[in-house]
Each structure stands twice: as C-alpha cells, then as structure tokens.
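Trainee: I should like to learn how to read a model of a protein with DNA.
Mentor: Let us look at it together, one feature at a time.

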Amino acid sequence: MDKDSFFQDVYEVARLIPRGRVTSYGAIAKYLGVARSARVVGWAMNGAVTNQEVPAHRVVNRVGLLTGKNHFATPTLMQELLEAEGVEIRADQVVNFDKHFWDPIVELGL
DNA sequence: TGCGTGACCACGG
DNA sequence: CCCGTGGCCACGC
C-alpha cells in the first residue's frame, strides 16, 4: 500500500457512505488500519470540502457531533446537507447517531 | 530541521 | 459525563 494514498483511501471510503448515513473519523481511520491517526482523517476531510466527490458532511466525531461544521463554507451548511438527506440534527449533534452510524468495518467487512 | 497545532480517540480518575 | 494525559500523523511557519 502506498503511504501517499492515505488521503485517497479516506476519500474513497467517504464516497462509499450511503445517503442519509454518517460515520466517524475514528471508524474510517480504524478501517484503514490507522486507528490512532483519526486526526489525519480530519485533516484529509479539510481538503475534501472543496471536493464535491467527497461528502465530508457525512463524517462526524465519535459522539455524532458536527465538529467540522466550522470548516464548511458556512457553519450551517453541514447540518443543512445532513438534514436534506433525512438525518436529524439537534444541537449540532446527530440524533439517533447509533442508528445512522455507518461503520465501514461492518458494512464493507475487514 | 524542529515545534506548535488540529474536523480525534483511548484511557484513567 | 467531565477533565487531564498520551499518542498518532500531516501541515505551516
């Protein structure tokens, strides 16, 4: 595996997130075999905001909090995108996060 | 080249 | 749940 393709891997997994579902940075990191490097996933998402191919709004932190909303074009864009997909947001947090949670390890297998 | 910072997470108290 | 600590890795200065 090329180490340089880490960002690409992150983007690829993010692309696989179904509409109306969300996942966490840690879940993606763990799926890629770098569970301790969840922060880098966030950094990768930072560059994904400008990438229409990658739904960065479907990636939240481990408790379903929209920690990255501040990095979008507008602080409300992330929530609006999720709500448009049927994901209910309450106080910058995904309601029934466990129900909307999409774990690549479970869904894609490891 | 080295240090601080960050869209995080796990662990212990 | 909150708080402090350590670790991870990429990036900017």
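**Reading the fold, the pockets and the DNA surface**

Mentor: Of the 110 residues of chain A, 39% count as buried, where buried means under 20% relative accessible area, exposed over 50% and partly exposed in between, with a 1.4 Å probe and protein chains only. This is a predicted model, in which local features need pLDDT of at least 70 and side-chain atom pairs count only at pLDDT 80 or more, while totals for chains, interfaces and linings use all residues. Residues are numbered from 1 along each chain as its sequence is written, chains are lettered from A and ligands numbered from 1 in the order in which they are written, and side-chain values use heavy atoms, with hydrogens and water left out.

Trainee: Which pattern does chain A follow along the sequence?

Mentor: Helices (H or I, at least four residues) and strands (E, at least two) are DSSP runs, numbered from the N terminus. Chain A has 6 helices and 4 strands, in the order α-β-α-α-β-α-β-β-α-α.

Trainee: What radius of gyration does chain A have?

Mentor: The radius is taken over C-alpha atoms, and the globule rule is 2.2 Å times the number of residues to the power 0.38. For 110 residues a compact globule would be near 13 Å, and the 13 Å of chain A agrees with this. The C-alpha trace spans about 40 × 30 × 20 Å along its principal axes.

Trainee: How is a pocket recognised, and what volume does the largest pocket have?

Mentor: Rolling a probe the size of a water molecule over the atoms shows where empty space is left. On a 1 Å grid over the protein atoms alone, a cavity is a set of points where a 1.4 Å probe fits but cannot get out; a pocket is an open set with protein on both sides within 12 Å along at least five of seven lines, and lining residues have an atom within 4 Å of a point. Grid points are joined across faces, edges and corners, and a volume is the space filled by probe spheres set on the points. The largest pocket has about 260 Å³. Its lining comprises 14 residues, with Tyr-25, Gly-42, Met-45, Gly-68 and His-71 nearest the centre. Helix 3 (residues 38-48) gives the most to this lining, 6 residues.

Trainee: What is the volume of the second largest pocket?

Mentor: That pocket has about 160 Å³, and its lining includes Ala-48, Phe-72 and Leu-81.

Trainee: Which residues come nearest to DNA strand B?

Mentor: A residue is near a strand if one of its heavy atoms lies within 4 Å of it. Of the 16 residues around DNA strand B, the nearest are Tyr-25, Arg-39, Met-45, Val-49 and Arg-62. Helix 3 supplies the largest share of this surface, 5 residues.

Trainee: Which polar contacts are found there?

Mentor: A polar contact is a pair of N or O atoms within 3.5 Å; within protein, one must be able to donate a hydrogen and the other to accept it, and residues adjacent in sequence count only if both atoms are side-chain atoms. A polar backbone atom of Gly-42 is 3.2 Å from a base nitrogen of DNA strand B. Phosphate oxygens of this strand are 3.0 Å from a polar backbone atom of Arg-62 and 3.0 Å from a side-chain N or O atom of His-71.

Trainee: Which residues surround DNA strand C?

Mentor: They are Phe-7, Arg-36, Ser-37, Arg-39, Val-40 and Trp-43. A polar side-chain atom of Arg-39 lies 3.3 Å from a base oxygen of DNA strand C.
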